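Colleague: Please pick one part of this model and take a close look at it. I would like to follow how it sits against its surroundings, step by step.

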Amino acid sequence: MAEATAPGPLEISSLRKNYNRARAIVRSNMYRARDFLAPLIAARWAFTATLFVLYLLRLWLHGGFYIVTYALGIYMLNLTVIFLMPQLEMEEEEGEGLLPTRADDEFRPFMRKLPEFRFWRNLTAGLGLAFIATFFDFLDLPVFWPILLIYFIVLTGVQLITRLKHMLKYRYIPFNVGKPKY
């Protein structure tokens, strides 16, 4: 029977070097994939919609996983709220807002706190993680789901009302609907 020995300093150095090399390769491939996917907006969102439909199909066929779905819904709501927020918060004092109020004011385009690509990436990652979580039965906790649904609807309504009030107060629209493109 062979005895187990502790790795020597040369073996640890070699392992560390191989780990750093593998990490650099993975990071390089991730950046390459990100750069390839960035201009493909419709394809990215079609993939996310397909993943969402697969998640809903998995829930329908298996049933349960209310806590996982609730956590996913809260995460998606949080991402959407951050996506709709301007990058720089408006000043509370009158006359010192960041958006132009007169014709001779400088035009400042709407800058998002969470860019569209990062919104898509985080949303897709959350969906993927929730989909994977549905394969582990210990995450299917027994809960009374109507309470979670009512609370989620109330939370969504409060968040949307808050965002709409902020948009109306500072007169901005976070979408490019009807704006000219040059």
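Modeller: A helix axis is here a line fitted to C-alpha atoms over the stretch in contact, and the angle between two axes runs from 0 to 180 degrees between their N-to-C directions. The model is a predicted one. The part I pick is helix α3, residues 66-84.

First, the setting. The protein has five helices and zero strands. Of its 182 residues, 22% count as buried. Among contacts between residues at least 6 apart in sequence, 84% join residues at least 24 apart.

Now the first partner of α3. Helix α4 covers residues 116-133, and it packs with α3 at an angle of about 180 degrees, the two axes being 10 Å apart. An angle over 145 degrees counts as roughly antiparallel, so α3 is roughly antiparallel to α4. On the α3 side, the residues that meet α4 are Val68, Leu72, Tyr75, Met76, Leu79, Thr80 and Phe83. They meet Glu116, Phe119, Asn122, Leu123, Gly126, Leu127, Ala130 and Ala133 of α4. By type, this contact has 11 nonpolar, three polar and one charged residue.

The second partner is helix α5, residues 145-170. Its angle with α3 is about 0 degrees, and their axes are 11 Å apart. Angles under 35 degrees count as roughly parallel, and α3 and α5 are therefore roughly parallel to each other. From α3 this contact takes Tyr66, Ile67, Tyr70, Gly73, Ile74, Leu77, Val81 and Leu84. From α5 it takes Trp145, Leu148, Tyr151, Phe152, Leu155, Thr156, Gln159, Arg163 and Met167. Its residues divide into 13 nonpolar, three polar and one charged.

One residue outside these helices also touches α3. Val143 lies in the loop between α4 and α5. Not counting residues up to four places away in sequence, Val143 touches Tyr66, Ile67 and Leu148. Val143 and Tyr66 are 77 residues apart in sequence, yet their C-alpha atoms are 7.2 Å apart in space. Val143 has 30% relative accessibility, so it counts as partly exposed.

Next, the approach to α3 along the chain. Phe65 is in the loop between α2 and α3. Its relative accessibility is 1%, so Phe65 counts as buried. Most residues other than glycine have a negative phi. Phe65 has a positive phi, near 60 degrees, and is not a glycine. Gly63, just after α2, also takes a positive phi, of about 80 degrees.

Further back is helix α2 itself. It has 22 residues, 41-62, and at 1.5 Å a residue it should span 32 Å, which agrees with the 32 Å between its end C-alpha atoms. Its buried residues include Arg44, Thr48, Leu51, Tyr55 and Leu59. These cover an arc of only 80 degrees around the axis, which puts them on the same side of α2. The face turned away from that buried side carries the exposed residues Ala42, Val53, Trp60 and Leu61.

Arg44 leads back to α4. With 2% relative accessibility, Arg44 counts as buried. Leaving aside neighbours within four places in sequence, its contacts are Leu37, Ala38, Glu116, Phe117 and Trp120. Of these, Glu116 is also one of the α4 residues in the contact with α3.

In short, α3 runs roughly antiparallel to α4 and roughly parallel to α5.

Terms used:
Residues are numbered from 1 along each chain as its sequence is written. This is a predicted model: local features need pLDDT of at least 70, side-chain atom pairs count only at pLDDT 80 or more; totals for chains, interfaces and linings use all residues. Side-chain values use heavy atoms; hydrogens and water are left out. Helices (H or I, at least four residues) and strands (E, at least two) are DSSP runs, numbered from the N terminus. The expected span of a helix is 1.5 Å times one less than its number of residues. Buried means under 20% relative accessible area, exposed over 50%, partly exposed in between (1.4 Å probe, protein chains only). The arc is that of the directions from the helix axis to the C-beta atoms. Angles under 35 degrees count as roughly parallel, over 145 as roughly antiparallel, 65 to 115 as roughly perpendicular and the rest as oblique. Contact means heavy atoms within 4.5 Å. Ala, Val, Leu, Ile, Met, Phe, Trp, Tyr, Cys and Pro count as nonpolar, Asp, Glu, Lys and Arg as charged, and the others, Gly among them, as polar.
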